[in-house]
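Q: Hey, I've got a structure to go through before class and could use some company. Can you walk me through it?
A: Sure, put it up and ask away.

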Number of protein chains: 2
Amino acid sequence: QDWRSRKKVQIFQYVFLKWLLVLLIGLATGLVGFFNNLAVENIAGFKLLLTGNLMLKDRYYLAFAALVGCNVVLATCAAVLCAYIAPSAAGSGIPEVKAYLNGVDAHSILAPSTLFVKIFGSIFGVAAGFVVGKEGPMVHTGACIANLLGQGGSKKYHLTWKWLRYFKNDRDRRDLITCGAAAGVAAAFRAPVGGVLFALEEAASWWRSALLWRTFFTTAVVAVVLKSLIEYCKNEKCGLFGEGGLIMFNISNAVPSYNTIDLLAILLLGVIGGIFGSIYNYLVDKVLRTYSIINEKGPAFRVLLVIIISILTSCCAFGVPWFAKCIPCPDHLKEVCPTKGRSGSYKSFQCPDGHYNDLASLLLTTNDDAIRSLFSPLNTNEFRIASLVFFFFAMYFLGIITYGIAIPSGLFIPVILAGASYGRLAGRLLSPVANLDCGLFALLGAASFLGGTMRMTVSLCVILLELTDNLLMLPLMMLVLLISKTVADCFNKGVYDQIVIMKGLPFLEAHAEPYMRHLVAGDVVSGPLITFSAVEKVGNIVHSLKMTSHNAFPVIDEPPITDAPELCGLVLRSHLLVLLKGKMFTKHRCLSGAETLKRYHAFDFAKAGSGKGLKLEDVDIDIEEMEMYVDLHPITNTSPYAVVETMSLAKAAVAFRELGLRHLCVVPKTPGRPPVVGILTRHDFMPEHVLGLYPHIDVHK
Amino acid sequence: QDWRSRKKVQIFQYVFLKWLLVLLIGLATGLVGFFNNLAVENIAGFKLLLTGNLMLKDRYYLAFAALVGCNVVLATCAAVLCAYIAPSAAGSGIPEVKAYLNGVDAHSILAPSTLFVKIFGSIFGVAAGFVVGKEGPMVHTGACIANLLGQGGSKKYHLTWKWLRYFKNDRDRRDLITCGAAAGVAAAFRAPVGGVLFALEEAASWWRSALLWRTFFTTAVVAVVLKSLIEYCKNEKCGLFGEGGLIMFNISNAVPSYNTIDLLAILLLGVIGGIFGSIYNYLVDKVLRTYSIINEKGPAFRVLLVIIISILTSCCAFGVPWFAKCIPCPDHLKEVCPTKGRSGSYKSFQCPDGHYNDLASLLLTTNDDAIRSLFSPLNTNEFRIASLVFFFFAMYFLGIITYGIAIPSGLFIPVILAGASYGRLAGRLLSPVANLDCGLFALLGAASFLGGTMRMTVSLCVILLELTDNLLMLPLMMLVLLISKTVADCFNKGVYDQIVIMKGLPFLEAHAEPYMRHLVAGDVVSGPLITFSAVEKVGNIVHSLKMTSHNAFPVIDEPPITDAPELCGLVLRSHLLVLLKGKMFTKHRCLSGAETLKRYHAFDFAKAGSGKGLKLEDVDIDIEEMEMYVDLHPITNTSPYAVVETMSLAKAAVAFRELGLRHLCVVPKTPGRPPVVGILTRHDFMPEHVLGLYPHIDVHK
């Protein structure tokens, strides 16, 4: 069904609804993003204020207890939500969204319960002081919102809007979810262009120009919503929110002018970022595999793991600053130093008046504020070298062990924190000879580490530019990102790709593997093929549906209708169920298609939302009906894409991927055999499957 | 041939060469872009200085003669180059690049002569004071450079580098040319991210994530080259170049803060931009059709047309400012006012000391400087209302009548000029109630008109942001672009799409037309089908090649080899010619494929660059050989993509487009007939062809 062939009114309705939906997605994502930040800033702010005030009164043990207590309670809330209600809300969510947009219909990835847990779990998790970000979860949240709106609410929770249930095919849904993912990035970073590019570079598998425009609109809406809400909050109407939360790091008063030493240092930063990044990915993968063993033991174990990591993180944040020396506050400072109440980013910790503890300033604060401190220009000596080294290692390893526990956890913030700390360290070390400000070095360090782990280039570059509002950094940033990605690509894959593989999601790459050139499509066809005759006995259909879990069956026109058996088309399981439910059966083998067609509206066969389709148990057929016949013509797709069995597997894989298919018929080359050899699905192209059939094939040839 | 299956050394060589090439493309495009600007600034600067000095001496007639003389000479140079050497260098070049990347191999689009004319024609054209830009031509130039480097130099001009001749397939070439187009935009606007997005949104038809990265690298190189060259030129080492040329409009000292009236005004600007834009496109189309009649009469007519337009433009630029009143110079100005020699943008024209002529300041200057004046913030009353109104109409209509004459002419600059003038007019009119600066209004006006004509959104937005270096304008700019595009899309297509259609380039849209759903693939197969037997008589092949211009022929295995005739695959004309030239013939019908295969290297069959392939006349076969046989197996592609004749035409079109095919086999549904019904090519999917066969079909159904 192509909307272009509808009536004018319907086209208008369709286009209008589609735009309305992306508008709603933008609004909702913007609101959620703002609410998320507001909640985190207020909860974490309250917690930090409590601890800070107790510290000022020298009641150190009580302060420690307060901090750990708050963190553990928040962490437990997040973990309980995540482990008991929606386990799929754990982690970043970006790999899942990526896989969904590639065509993987994994169960519950975008369910309403996931959305709920993602929002609140992320708030509790970030507020609990974990080294996690809210960016990945925001992307997942955006995608969930898009899915919920796109399928017209959730049937399970009795929230449905009929007028929204207009988008029933894969493509429209995918478009909306791409918009949602872009809106998520835009809401997390306040980076509308970056959001569009992220959706394009990392998330989407298929892309059209029209989609670019729609995504852009969504992120523009998000930007406007956020801007007006922040304007509203400026006058301290939003509790502890203040300026902060939605990160926008101001480094614009530092003019980037650089000399040769700077350039060399930047090249080095790129290489270091690439190496650190690939090691990070390697370790994350190992830790994830370990955790998945623990997580499989049950929800209670998951919660326990979260509590352990939470206590570890709290101890690190509270324990280590004791080893740092006190630094006298710099003169001529606009900020309050050390921190009084809520203002100022210089924490006094155990230090006397007029002094601050630099490590505490980084550790005992929200992650956003820590990044802001690291990026802050001009004051080169704000952090000591030892503090920066320690902070880097803390963030690097806490980031690794935190990802994979049962809370929604983004990877951007930990990576930016670690990267910015070694970048600032480089700036600090080079300050006698370098021209560039150490805040800019921190930015470049963050860029290099991001490039090394996530392997995106253009979108990261634009996101960082939008975060820091300094276009003049563009050439340096590009350089750093290109180098770190190139270096890291020599060792392993990007972190999101690794997670997709680890989770066993059947992700189809855009290119075919080399060994596929030596196989033909017929080689990988597997399993017994079940075909239906064009006018089939009801009993046979019910039996086949019961026995197999196939989603599509070839329909074959046989001699009474045509001269020789020939392939009529493909019929989908869901359509068969609708037809069986309708009970348009005939006593004899005869064509009753035209009549059937009248009874149904095209809409009845539209793809249902996740978990909303008919099940075989819903269809109730008695023994007498089992012996009757049903004409499958009206529901058969008579133009399925097909390849000859001798077609190179590589070419079949390219066709499958580029056309976004779910089923690909394989037809015989020579006549005189049954008109269809088999059906290829996504799983048949997976390396595991192909290499399982042909274990001795040379993978690299 | 997939590079992944090569040996490690070869893979390394391949990857290295590909990166080296994009580096070279970036360097070359950056250098050409800089040279282009330098030349334009110097030539136009000299011309304007001459005229200005004569005006200061009150020798008005002589000044007019000097201006017209210079303009006509420059215009004639550009026109002669264009009309006699490379007619395809006329116009913007963006539509041609777009069509090439869609798979249209139009003759000489990217030939070296086109490159030469494009560079120098563009310099002369812009310097001659035409209302044209150098941006479109830069895109075309970048693509030409990429093509030249990608095919390892030009054989025609005896410039070949063998080590560069590594990329012989369509996909590698297309990738390089996409990079070239992005580099062109980056060089023209100094907008690296904008360049990437332009290549993605407007130029490329197929896109992969890897390409994003490579394009990004190219534009980064361009940005670095330009930046270092500009640094070098800062100390007046480059003649009249000074700061200017590579446009970077500084509006960053104007902070965008806006109220409701501003927002309403911006919405209105968007609507106006959409309406003006669609009218512009309509008129450009009409004028182009008229010009093409004149242009077909011969090169002399083309040159004449250019001279007429040049004189008209000069008269307008010199004549109209007489009607403008003199304005006293504003106080507290850093700039010199009125202009003395080269400094200052306030032209005195006929005015007394301390006064300037605002219309002359816009008309008697380079286009870049005029834009800079229009975008200049703070001084709201710099231009009178009447002047802005007149300037708008002048630019609007001169832009329309200039595009299509035989010079390389970009559309960006005329559109920005016209848009900025009505934007500034709006700012001027609203200045009592509006908060926003009139320079920012001019920027938004330019955005709205660009959106209305070119119908790009994201890339325009980013290009304008990079041009003006002011990220805070992002939400407003997005709003304006979305509105103007939406409004304009109600009336007609984007200007580049219109030109592609007008030039008759067979551009394949990403979606199938609605009426195609009612046809099947077999319906549009046309022409007599010529098939070869797997072991074919040489004479038959030569005869078929002579008689038809088909590029691919189906090869059929016949009974001596197989039981029944079956489709073996497709063979390409170019491969047949190589085989015929090799003269591996046999006396009898026998399989000699294995032997043949040994004699050839895969490289021999690689796709040749434009105009470099073998021709039938090059192959010299005597009568005796005509009676011999040749085994086609080794050169047959045995896995051609094929569809059944009853496949819906819409689905076949989607497959054709998405897989980037050139030939699609149509096979019969029922056995017992010849194993191939026909071959579909790009032209068979064109609306003209389909509607020619079925004139009574309802186009909209």
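A: Let's begin at one spot: Lys583(B), just after helix 21 of chain B, takes a positive phi of about 55°. Keep in mind that this is a predicted model.

Q: OK, and what about helix 21 of chain B itself, is it mostly covered or mostly open?
A: Mostly covered: this helix spans residues 573–582, and eight of its ten residues are buried.

Q: Which ones are buried there?
A: In helix 21 of chain B, the buried residues are Arg573(B), His575(B), Leu576(B), Leu577(B), Val578(B), Leu579(B), Leu580(B) and Gly582(B).

Q: And over in chain A, what does helix 21 lie across?
A: Helix 21 of chain A lies across strand 5, strand 7 and strand 8 of chain A. Its direction is at about 80° to strand 8 of chain A.

Q: Tell me about those strands. What order do they come in?
A: They form an open sheet of three strands in chain A, in the order 5-7-8, and the pairing is mixed. Strand 5 (532–533) and strand 8 (566–572) are the edge strands, since each pairs on one side only.

Q: How do strands 5 and 7 of chain A run, parallel or antiparallel?
A: Parallel, with two bridges joining strand 5 to strand 7 (residues 552–557) in chain A. If you want a pair to look for, Phe532(A) stands opposite Val555(A) in strand 7 of chain A.

Q: New topic: strand 11 of chain A. Is it covered or open on its faces?
A: Both faces of strand 11 (residues 664–667) of chain A are covered. Leu664(A) and Val666(A) are buried on one side, and Cys665(A) and Val667(A) are buried on the other.

Q: Why do they split two and two like that?
A: In a regular strand, side chains alternate between the two faces of the sheet.

Q: Got it. Which way does strand 10 run next to strand 11 in chain A, parallel or antiparallel?
A: Parallel: three bridges join strand 10 (residues 642–644) to strand 11 in chain A. One partner pair is Val644(A) with Val667(A) in strand 11 of chain A. Between the two strands the chain passes through helix 24 (residues 649–658) of chain A, and this β-α-β crossover is right-handed.

Q: How many bridges pair strand 11 with strand 12 in chain A?
A: Three, and here strand 11 and strand 12 (residues 678–680) of chain A pair in the antiparallel sense. Val666(A) has Gly678(A) in strand 12 of chain A as its bridge partner.

Q: I also clicked on Pro377(A). Where is that?
A: Pro377(A) is in the loop between helix 12 (367–375) and helix 13 (385–402) of chain A. Its relative accessibility is 15%, so Pro377(A) counts as buried, the cut-off being under 20%. Cys438(A) is 61 residues away along the chain, yet the C-alpha atoms of the two are separated by 6.3 Å.

Q: Zooming out, how many helices and strands does chain A have?
A: Chain A has 25 helices and twelve strands. Of its 701 residues, 59% count as buried. The accessible surface of chain A comes to about 27,600 Å², and 63% of that belongs to carbon and sulfur atoms.

Q: Last one: what rotation superposes chain A on chain B?
A: A rotation of 180° with 0.0 Å of shift along its axis, giving an RMSD of 0.0 Å. That is the relation of a two-fold axis. Also, 100% of the interface residues of chain A are interface residues in chain B too, so the copies meet through the same surface.

Conventions:
Residues numbered from 1 in each chain as written. Chains lettered and ligands numbered in written order. Predicted model: local features only at pLDDT ≥ 70, side-chain atom pairs only at ≥ 80, totals over all residues. Heavy atoms only, no water. Least-squares fit on C-alpha atoms with pLDDT ≥ 70 in both. Contact = heavy atoms within 4.5 Å. Buried < 20%, exposed > 50% of the residue type's maximum accessible area, 1.4 Å probe, protein only. Helix = DSSP H or I, 4+ residues; strand = E, 2+ residues; numbered from the N terminus. Pairing = 2+ DSSP bridges. Right-handed = clockwise from strand over helix to strand, strands pointing away. Axes fitted to C-alpha atoms, helices over the stretch in contact; angles between N-to-C directions. Areas by Shrake-Rupley, 256 points an atom, 1.4 Å probe, with all protein chains shown as cover.
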